[in-house]
Amino acid sequence: MTIELRGRLLKHEKLAKYTSWRVGGPADQLYIPQDRQDLIEFIKALPDDEPVFWMGLGSNLLVRDGGIRGTVINTKGRLKAMNLVDGLVYVEAGVPCAHVARFCGERGLIGAEFLAGIPGTMGGALKMNAGAFGGETWAIVKSVEMLNRLGNVVYRKPKDFTVGYRSVMGFENEWFVSCLLTLQQGDTVDSQKKIKVLLEKRGATQPTHQPSCGSVFKNPEGDYAARLIEQTGLKGYSIGGACVSEKHANFIVNTGSATAADIETLIYYVRDEVEQRQGIILQTEVCILGRAL
């Protein structure tokens, strides 16, 4: 029996409007699933050799100007179920991290407040072990659901992955669709206050009103990428429409006319300058995809 897909399939769709940097060329096709079951059916229908890429809020992502050859699946506004299951928090991959922090805080569950500082979805946080303000995603993960190329849902535990700082090594051709978070019961008011303080700190120290991807570089052990970049004198340095933020040196902002090439060139310029002047090679945190023009 043929199952009719209920989502939106867009051909040669420009990705700039889907990324937080507001840059990026077209994808061969972009699929916006209606819901979890629709996503499963779509994956089943794809050719075995079709390249598949995932996008949530489009943060921590640089899509080159030549775009992506393959299929991009966008979960923004989709895969958004979140509820309590036997004292655990069930979260689908498309839920923004900030919503997870608020959901937990309102119920007096403590330990997820740091998620308020992550400008992406739960799926992206799982993929990279996203962190902020001293917290990391996989520290609160009980289990995950993965979707494979056959359209089968597989349950996995944290021990099945190699998890490090901003790094998660898992299984090829499996993608996160949900997770169960384990948190401690605490005080609702205190949790909500902590979230408010974290958001105020984020607003005061990060260029939240300009297009960026979040942090560009990982913090080297025992130091901060922003400090090294600022010490190298690169705050405000620009290439084309891409500029190292005056507010936070580990952010590169699109001042309005940047291309993906401008941003990528600036990333490598910053990395090289820091290496030459500070003797430290910064590792990129941002995921760079697609082809250059």
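In this predicted model, strands 17, 18 and 19 form an open sheet of three strands, arranged in the order 17-18-19 with antiparallel pairing. Strand 17 and strand 19 (252-254) occupy the edges; each has a single partner strand, so one side of each is left without a neighbour in the sheet. Strands of a sheet pair through backbone hydrogen bonds, in either the parallel or the antiparallel sense. Between strand 17 and strand 18 (residues 242-244) the antiparallel pairing extends over two bridges, and Ile239 has Ala242 of strand 18 as its bridge partner. Helix 6 packs on this sheet and touches strand 17, strand 18 and strand 19, with a direction that makes about 30 degrees with that of strand 18.

A second open sheet contains five strands in the order 6-7-15-11-12, again with antiparallel pairing. Here the edges are held by strand 6 (82-85) and strand 12 (153-156), each with a single partner strand, so one side of each is left without a neighbour in the sheet. From one strand to the next, the twist averages 25 degrees. Within this sheet, strand 11 (residues 141-148) and strand 15 (residues 174-181) are joined in the antiparallel sense over seven bridges; the bridge partner of Val141 in strand 15 is Leu181.

Two helices contact the five-stranded sheet. Helix 1 (residues 36-45) lies across strand 7 (88-92), strand 11, strand 12 and strand 15, and runs at about 45 degrees to strand 11. Helix 2 (residues 97-106) packs on the sheet as well, touching strand 6, strand 7 and strand 15, and its direction makes about 40 degrees with that of strand 6.

Attention may now turn to the aromatic side chains. A search of the whole structure finds seven aromatic pairs. In one of them, the rings of Trp54 and Trp175 have centres 5.5 Å apart and planes at 40 degrees, so the pair is tilted. Trp54 lies in strand 3 (residues 52-55), whereas Trp175 belongs to strand 15, so the pair ties together parts that are 121 residues apart in sequence. The two partners fall into separate accessibility classes. Trp54 counts as partly exposed because its relative accessibility is 23%, and Trp175 counts as buried because its value is 12%, under the 20% limit.

Tyr237 and Tyr269 form a further aromatic pair, with 4.5 Å from centre to centre and 10 degrees between the planes; this pair is stacked. Tyr237 lies in the loop between helix 5 (225-231) and strand 17 (238-239), and Tyr269 lies in helix 6 (residues 260-278), so the pair ties together parts that are 32 residues apart in sequence. Both tyrosines are partly exposed: the relative accessibility of Tyr237 is 32%, and the relative accessible area of Tyr269 is 27%.

Ring pairs also link Trp138, Phe161, Phe171 and Phe176 into a cluster. Phe171 has a further contact, since the charged end of Arg156 sits over its ring, 3.6 Å from the centre. A comparable arrangement involves Phe103, over whose face Arg107 lies, at 3.6 Å from the ring centre.

Definitions and conventions: Residues numbered from 1 in each chain as written. Predicted model: local features only at pLDDT ≥ 70, side-chain atom pairs only at ≥ 80, totals over all residues. Heavy atoms only, no water. Pairing = 2+ DSSP bridges. Helix = DSSP H or I, 4+ residues; strand = E, 2+ residues; numbered from the N terminus. Axes fitted to C-alpha atoms, helices over the stretch in contact; angles between N-to-C directions. Contact = heavy atoms within 4.5 Å. Phe/Tyr/Trp six-rings, centres within 6.5 Å; stacked < 30°, edge-to-face > 60°. Buried < 20%, exposed > 50% of the residue type's maximum accessible area, 1.4 Å probe, protein only. Lys NZ or Arg CZ within 6 Å of the ring centre and 35° of its normal.
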